[in-house]
Amino acid sequence: MSALPNKGAQLVLIRHAPIVDSGVLCGHTDVSARIDPTAIAPVADAVAAIETVICSPALRCRQTAKALWPDRPDAPQDARLWEQNFGQHEGLPYRALPDLGPMTNSQLADYAAPDGESFLDLCIRTHPAVKDWAQKAYDLQSAVALVVHAGVIRSAIGLALDHPVQGLSFEIDPLSMTRLRVGESGVFSIISTNVRPL
């Protein structure tokens, strides 16, 4: 994949690299990323021209941003871009999570673990941040990169679709890129989702 153009207003949302222990649920749990230079290199090449980079305060996002742009100062952080808080389910192995039975996306979006957030809570928290950075991209007429989490990216997709729940239908892989077109009124279309440059 060739480098993404830096002309034209868009948000490029990059999910962080895989975490060290991929078998546990980590939302607000701060864990390290597993940085594989071979996996990072094609993503870094694709986003090298993007000048404005923002990341979640999570260690895994900060490590990913540093690996993608190693010669730059640390990316500024936006605390609104943390992953969903899974409350008492944080840090549990996936096999130990309660079986919630079949749920529609609407039911899943409403569900919150004890002491945690629902996906809709996440959307309420993250949509203002996505809108702010979309405005920055529009003002600059260039791409703004957000190094964030799967839930945040699904939230942004839901914003673009004007239906937050629909964001839950999208798969978001580690180190994948999702590109949203930005206009004067904010995010208005989806260019691509879950792209892994080769």
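In the predicted model, the buried residues of helix H5 are Ala150, Gly151, Val152, Ile153, Ser155, Ala156, Ile157, Gly158, Leu159 and Ala160. Helix H5 spans residues 150–160, and because 10 of its 11 residues are buried, the helix is largely enclosed by the rest of the structure. The elements against which these buried residues pack are S1, helix H4 (119–140), S3, S4 and S5. Just after H5, a positive phi of about 60° is found at Asp162.

Strand S3, one of the elements packed against H5, comprises residues 143–148 and is mostly covered, with six of its six residues buried. The cover extends to both faces of the strand: Ala143, Ala145 and Val147 are buried on one side, and Val144, Leu146 and Val148 are buried on the other. S3 has pairing partners in strands S1 and S2. With strand S1 (residues 10–15), the pairing is parallel and runs over six bridges; within this pair, Val12 has Ala145 of S3 as its bridge partner. Strand S2 (residues 52–55) also runs parallel to S3, to which it is joined by four bridges. In this second pair, Cys55 is matched with Val147 of S3.

Val147 is also among the contacts of Thr64, a residue of helix H2 (residues 59–68). Thr64 has a relative accessibility of 0% and therefore counts as buried, the limit being under 20%. When neighbours within four places in sequence are left aside, the residues in contact with Thr64 are His16, Ala17, Ala33, Ile35, Val147 and Leu175. For Ala17, there is in addition a polar contact, in which the Thr64 side chain reaches the backbone nitrogen of Ala17 at 3.0 Å.

Strands S4 and S5, both of which are packed against by buried residues of H5, pair with one another in the antiparallel sense. S4 covers residues 177–183 and S5 covers residues 186–195, and six bridges connect the two. Together the strands form a hairpin, with two residues between them. Within the hairpin, Val187 of S5 stands opposite Val182.

The loop between H2 and helix H3 (105–110) contains Leu100, and Ala79 lies in this loop as well. Leu100 has a relative accessibility of 39% and so counts as partly exposed, a class that lies between the limits of 20% and 50%. With Met103 and Leu108, Leu100 makes a nonpolar surface patch of about 220 Å². Ala79 counts as exposed because its relative accessibility is 54%, and the class begins over 50%. Outside its neighbours within four places in sequence, Ala79 is in contact with Pro57 and Arg125. A further relation across the chain involves Thr126: its C-alpha atom and that of Ala79 are separated by 9.3 Å, and the two residues are 47 residues apart along the chain.

Terms used
Residues numbered from 1 in each chain as written. Predicted model: local features only at pLDDT ≥ 70, side-chain atom pairs only at ≥ 80, totals over all residues. Heavy atoms only, no water. Buried < 20%, exposed > 50% of the residue type's maximum accessible area, 1.4 Å probe, protein only. Polar contact = N/O pair within 3.5 Å; in protein donor to acceptor, adjacent residues only side chain to side chain. Contact = heavy atoms within 4.5 Å. Pairing = 2+ DSSP bridges. Patch = residues over 30% accessible without salt bridge, like charges linked within 9 Å, V, L, I, M, F, W, Y side chains within 5 Å. Areas by Shrake-Rupley, 256 points an atom, 1.4 Å probe, with all protein chains shown as cover. Salt bridge = Lys/Arg side-chain N within 4 Å of Asp/Glu carboxyl O.
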